Amino acid sequence: MFENIKIWWHQGKQYIPDVTNAKLPGIFRGRPVITRSGVDEAALVELCPTGAITGNPVCIDLGKCTFCGECAFRFPEKISFTSDYKLSANVRERLVVKEGDDKGIVVEPSKVRKGVRSLFGQSLKLRQVSAGGDNSCELELNACNNVQFDMSRFGIDFVASPRHADGVVITGPITANMAGPLEICYNAVPDPKIVILVGTDAISGGIFADSPALDRDFLTKYPVDLYVPGNPAHPLTFINGVLDMLKKQ
Amino acid sequence: MKYISISNNQAVSLDSIPELPYEEFLESNVGMLTDSPERHCVNYFGFWTGVYSSGGPVEDQYDENKNRKEYSENVKLICCIADDKTHQIYVSSATVAPEVVYESFTARNHNFEKYEREMHEAFGIQYNNHPWLKPVRYSHDRAGKAETIENYPFFGADSHELHEVGVGPIHAGIIEPGHFRFICNGEQIMHLEIQLGYQHRGIEQLFLQKKKLAELTTLAENIAGDTTVGHTIAFVNLWESLCGYRPGRSLHFSRTLALELERIAIHTGDMSAVCADIGYQLGNSVYGRLRTPIINFLQEWGGNRLAKGLIRAGRTNFPFSRKLGARLASILDEFELDFNEMTSKFFKLPSALSRLEKTGVVTYGQVLEIGTVGMAARMSGLNRDIRSSHPFNLFGEGFTHEPVIKHHGDVYARVRLRRDEIHQSIGYIRKMIADIPEFTEVAGVKLNPQRNMFILSLVEGWRGEICHCAITDNEGSLGLYKIKDPSFHNWMALAQAVRNNGISDFPICNKSFNLSYCGHDL
């Protein structure tokens, strides 16, 4: 008994009190900032492994970006990555950062689907589906509920059965072999329901975008409520995105 | 000569690999494994011969609908047998025709079971005596399109006493998909069949499609997110050797350090997961939170908690500084205090031990027969550790590695193995950061792969042996890229482990192995 209390005592306070303003340790590649300085745009576009960078004006699509940071190393005067982890958006175009922009990425309240806030504002249960994910986003989604991030305190939880869920969280580029099970799972969630895409692979296919082994039809059939970029998405990116969508700050 | 003998990361010309008649190829490779626990097959794969004899670009293998073209050509097989005593890998080849029926290696040695199933799936090669000839991952370019993941031929039991339990592909937690079919007698598991392939993303083909080094490195980083460091090191070591580039000590240093940090982080997380599955909340929380300072350190060093972006061929964007070394030393000091306190409690808690001991046992004989690697071999007394048998990076240079070996093959052995390997890795890291090499950037490194080469790269990731093989064509582009995650062998060990256990013990058996779905499915 006393040993248990000692262990418990030695752990100290682990939870992050304010998940909306927490500072990340060391360096973190979050939201990029692109200056207007002139560089060899063709070389910059060519550099990106997933085609996230386009020229004239220079833009980075965070839905395609793997956050490898190579562009910032080669063209430090043009691109730098800030430690801003609030990257989630409910409008796909919002994920595109243009040169000269230095404003945060936000969830647009007017575009949040009707009923999401009134129905799920107090309690949101999610079913996660890994559809070709490399297990990195899955690790970070698990971390959302560890003693540090403790997402449950906001009434947001992952559940085992789609019948108990209010929506699905998809990771991975959606392989052809998972397209069927994903749709069955989605259909098993009672209406109204939401869809959240987590990670570069889920949002755009990432490095796998042109693989013939994928089947991303699901995304053309059903509306997406939230895009959470990252490779993998940081727990704070996910938690803040969902909180913004639910207007819980 | 029946084989060519190479060492880890040694590039040789493709033509130098001896080609044998199939019968002799079979006898030679199976014979090498007979009564030799120090030898095992690290890779065995095939490719259409037409791709190389024509000298045409790789894209020609596929038609406009991205289906593999019908080839009248034969399949060339390459088999690689590692010898842990001589530190050599013996490579030989044979050419076969898909329409002919062959004797299987598997009937003589179960090490080859998955490889032959893979070749049966990809090329339609038939074997007359393979005990379990089923597709392994339902790849999009498989030979038999009529075989679909929905109609997988599960082993069944026609009995009034036994019942079947199906789980997945979507599991209860936040984990990757796979379908598990149990045959049970009441609570007792008689048999488990694991069907994978749901995560198949076509990675090996993408390696041939992509041309830029940045794309290839990104692909390697996304093979399995929990082994980012392991797989990326396998790729960059392979690529540098293929280009005839010898990296300096500081690159070897940062790779070795990252690999051991990944080992500590995942092992700690797995101990947390085992505690969760036996309902031990304190262990679950404490080990779970102890993973965080380690992965947060990876972020402090390279900007990403799972070390994506950290390892690059021929260079690094994140030289390891003395300041980072001092910071890591203090993180490890704090980690060790809490880890040791928790561990001394956990490992003497009777209610925990009663769930772990003698649960999910796989014997030495079984792991040898299956050909498991890494932790899943060392838990049962089989010494398989690439760090000592086929050293890479700083291993074999900086320090001599003594593998941690356990003998009981149960969940408890796997948990103790993790505990001891965490201590061992901390020891290695402490030694390393006492002598941090100066980072000197080598300007103008040109990495151009040599033509018509074969190369094999082995890395001991936290889960076990990772093997990447590559062949370049006569333009110096990748003509074949073959990846093998340790899970490829070890899934069978899990299926053996759960036999005769209660079905409620399946979760701890599963977590104690923590195998990769995406690393298997590719």
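Is A:I170 buried or exposed in this structure? The legends below take up that question and then turn to other parts of the predicted model.

**View 1. The surroundings of A:I170 in strand β8 of chain A.** In this predicted model, A:I170 has a relative accessibility of 0% and therefore counts as buried, the cut-off for that word being under 20% relative accessible area. The residue belongs to strand β8, which covers residues 167-171 of chain A. When residues up to four places away in sequence are not counted, A:I170 touches A:V129, A:A131, A:L182, A:V195, A:I196, A:L197, A:V198, A:A202 and A:F218. A:E183, which is 13 residues from A:I170 in sequence, is 11 Å from A:I170 in space, taken from C-alpha to C-alpha.

**View 2. Helix α5 of chain A and what covers its buried residues.** Helix α5 spans residues 136-143 of chain A, and because seven of its eight residues are buried, the helix is largely enclosed by the rest of the structure. Those buried residues are A:S136, A:C137, A:E138, A:L139, A:E140, A:L141 and A:A143. Their cover includes, from chain A, the strands β6 (124-130), β7 (156-158), β8 and β9 (194-198) and the helix α9 (235-246), and to these chain B adds its helix α8 (281-302).

**View 3. Chain A as the setting for the first two views.** Chain A contains nine helices and 10 strands. Its radius of gyration is 19 Å, close to the 18 Å that the globule rule gives for 249 residues, so chain A is as compact as a globular protein of that length. Along the principal axes, the C-alpha atoms of chain A fill a box of roughly 65 × 45 × 35 Å, and 61% of the 249 residues are buried. Of the contacts in chain A between residues at least 6 apart in sequence, 77% join residues that are at least 24 apart.

**View 4. The packing of helices α9 and α14 in chain B.** Helix α9 (residues 322-346) and helix α14 (residues 411-433), both of chain B, have axes 11 Å apart and pack at an angle of about 155°. Angles over 145 degrees count as roughly antiparallel, and α9(B) and α14(B) are therefore described in that way. The crossing of α9(B) and α14(B) is left-handed. The residues of this contact divide into 11 nonpolar, four polar and four charged. Among those from α9(B) are B:L328, B:L332, B:F335 and B:F339, while those from α14(B) include B:V415, B:R419, B:I422 and B:I426. An α-helix has 3.6 residues a turn, so residues three or four places apart point the same way.

How values were computed. Residues numbered from 1 in each chain as written. Chains lettered and ligands numbered in written order. Predicted model: local features only at pLDDT ≥ 70, side-chain atom pairs only at ≥ 80, totals over all residues. Heavy atoms only, no water. Axes fitted to C-alpha atoms, helices over the stretch in contact; angles between N-to-C directions. Helix = DSSP H or I, 4+ residues; strand = E, 2+ residues; numbered from the N terminus. Parallel < 35°, antiparallel > 145°, perpendicular 65-115°, else oblique. Left-handed = near helix turned anticlockwise from the far one by under 90°. Contact = heavy atoms within 4.5 Å. Nonpolar A, V, L, I, M, F, W, Y, C, P; charged D, E, K, R; others polar. Rg over C-alpha atoms; globule rule 2.2 N^0.38 Å. Buried < 20%, exposed > 50% of the residue type's maximum accessible area, 1.4 Å probe, protein only.
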